[in-house]
Amino acid sequence: MRITSWRQHAIVLAAFVGLAMIQVWPLPMKMGTHLTGSPGGDTGGYVWNLWIFSHEIVTTGTTPLSTLAILPLTGAPADLSLHNYTVFSDVLAMPLLHWLGVVATFNVVYLFNAALAGFGLYLLARRLTGRGPESFLAGLMFAWSPFMVTRGLGHFSLAAAAPLPFFMLALYRAWDSQRLRDAGVAGAVVAWAAFSDPYYAVYGVMLGACFLGSR
């Protein structure tokens, strides 16, 4: 039964990947040369995030929280500790950059984040309703909502919204089990949210407060 469940989840996740590719079509045919937003705007900054994060760790062997790649004439590294760094996406990108290149890697990570958001909402709805088709529809409505689609035009940290449904899923499990391990998983998902976009860490705390208040 467990194997069947994991296989079903894998199929659903693959379906959300396919839907994410349909949503941005014809980008899948131009993964190495095109982006969903203008490289002269915020999109270019998020693409740079992936490159500089890997560059500082792999090439220079230093922390990615500062860099000499910009403003080097000051004599001191530029501080990136408060930069909207999208660390989760940057870590996902590291093993792919050498293989796919910067632009293709960025697109692959974006599509994965979009699919993961829909899949997370599917899992949450499935836990609450126990119904597969309706849960899949809920995930699709979340992944294809106007907010999520328009974030793909430039605000890619906000397109990585998967931590929100996964946090609620972990919170429900922790509340039901009353186990410290499950509470720790919920806390780890908040950290994941913070490393996707700081707003989502705040939203996670707000969701948790509403959940606890309702109980």
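Reader: What covers the buried residues of helix 8?

Author: The cover includes helix 4 (102-129), helix 5 (132-143), helix 9 and helix 10 (198-214). This is a predicted model, where local features need pLDDT of at least 70, side-chain atom pairs count only at pLDDT 80 or more, and totals for chains, interfaces and linings use all residues. Residues are numbered from 1 along each chain as its sequence is written, and side-chain values use heavy atoms, with hydrogens and water left out.

Reader: What makes helix 8 count as mostly covered?

Author: Eleven of its 15 residues are buried, a label that means under 20% relative accessible area (exposed is over 50%, partly exposed is in between, with a 1.4 Å probe and protein chains only). Among the buried ones are Pro-163, Phe-166, Phe-167 and Tyr-172. Helices here are DSSP runs of H or I with at least four residues, strands are runs of E with at least two, and numbering starts at the N terminus.

Reader: Why is helix 8 called roughly antiparallel to helix 9?

Author: The axes of helix 8 (residues 163-177) and helix 9 (residues 180-194) cross at roughly 165° and come within 8 Å. Helix 8 is therefore roughly antiparallel to helix 9, since that word is for angles over 145 degrees (under 35 is roughly parallel, 65 to 115 roughly perpendicular, the rest oblique). The axes are lines fitted to C-alpha atoms over the stretch in contact, with angles from 0 to 180 degrees between N-to-C directions.

Reader: Which residues of helix 8 and helix 9 meet, and of what class are they?

Author: On the helix 8 side they include Phe-166, Ala-170 and Arg-173, and on the helix 9 side Asp-182, Val-189 and Trp-192. Contact means heavy atoms within 4.5 Å. By class, the contact of helix 8 with helix 9 has 13 nonpolar, one polar and two charged residues.

Reader: How do you know that the length of helix 4 agrees with expectation?

Author: Its 28 residues should span 40 Å at 1.5 Å a residue, and its end C-alpha atoms are 40 Å apart, so the two agree. The expected span is 1.5 Å times one less than the number of residues. Helix 8 reaches 20 Å from its first C-alpha to its last, close to the 21 Å expected.

Reader: What makes helix 4 largely enclosed?

Author: 20 of its 28 residues are buried, so the rest of the structure largely encloses helix 4. Gly-130 follows helix 4, with a positive phi near 75°.

Reader: Why are helix 3 and helix 4 called oblique?

Author: Helix 3 (residues 87-100) and helix 4 pack at about 140°, with axes 8 Å apart. That angle is why they are oblique to each other. The contact is made by residues including Phe-88 and Leu-92 of helix 3 and Val-108 and Phe-112 of helix 4. By class, the contact of helix 3 with helix 4 has eleven nonpolar, three polar and no charged residues.

Reader: How do you know whether Thr-43 is buried or exposed?

Author: Thr-43 has a relative accessible area of 0%, so it is buried. Thr-43 lies in helix 2 (residues 42-59). Not counting residues up to four places away in sequence, Thr-43 touches Leu-35, Gly-37, Ser-38, Phe-106, Leu-153, Gly-154 and Phe-156.

Reader: And what makes Ser-66 partly exposed?

Author: Its relative accessible area is 22%, so Ser-66 takes that label. Ser-66 is found in strand 1 (residues 66-67). Ser-66 touches Glu-56, Pro-77, Ala-78 and Leu-80, leaving out residues up to four places away in sequence.

Key: Nonpolar A, V, L, I, M, F, W, Y, C, P; charged D, E, K, R; others polar.
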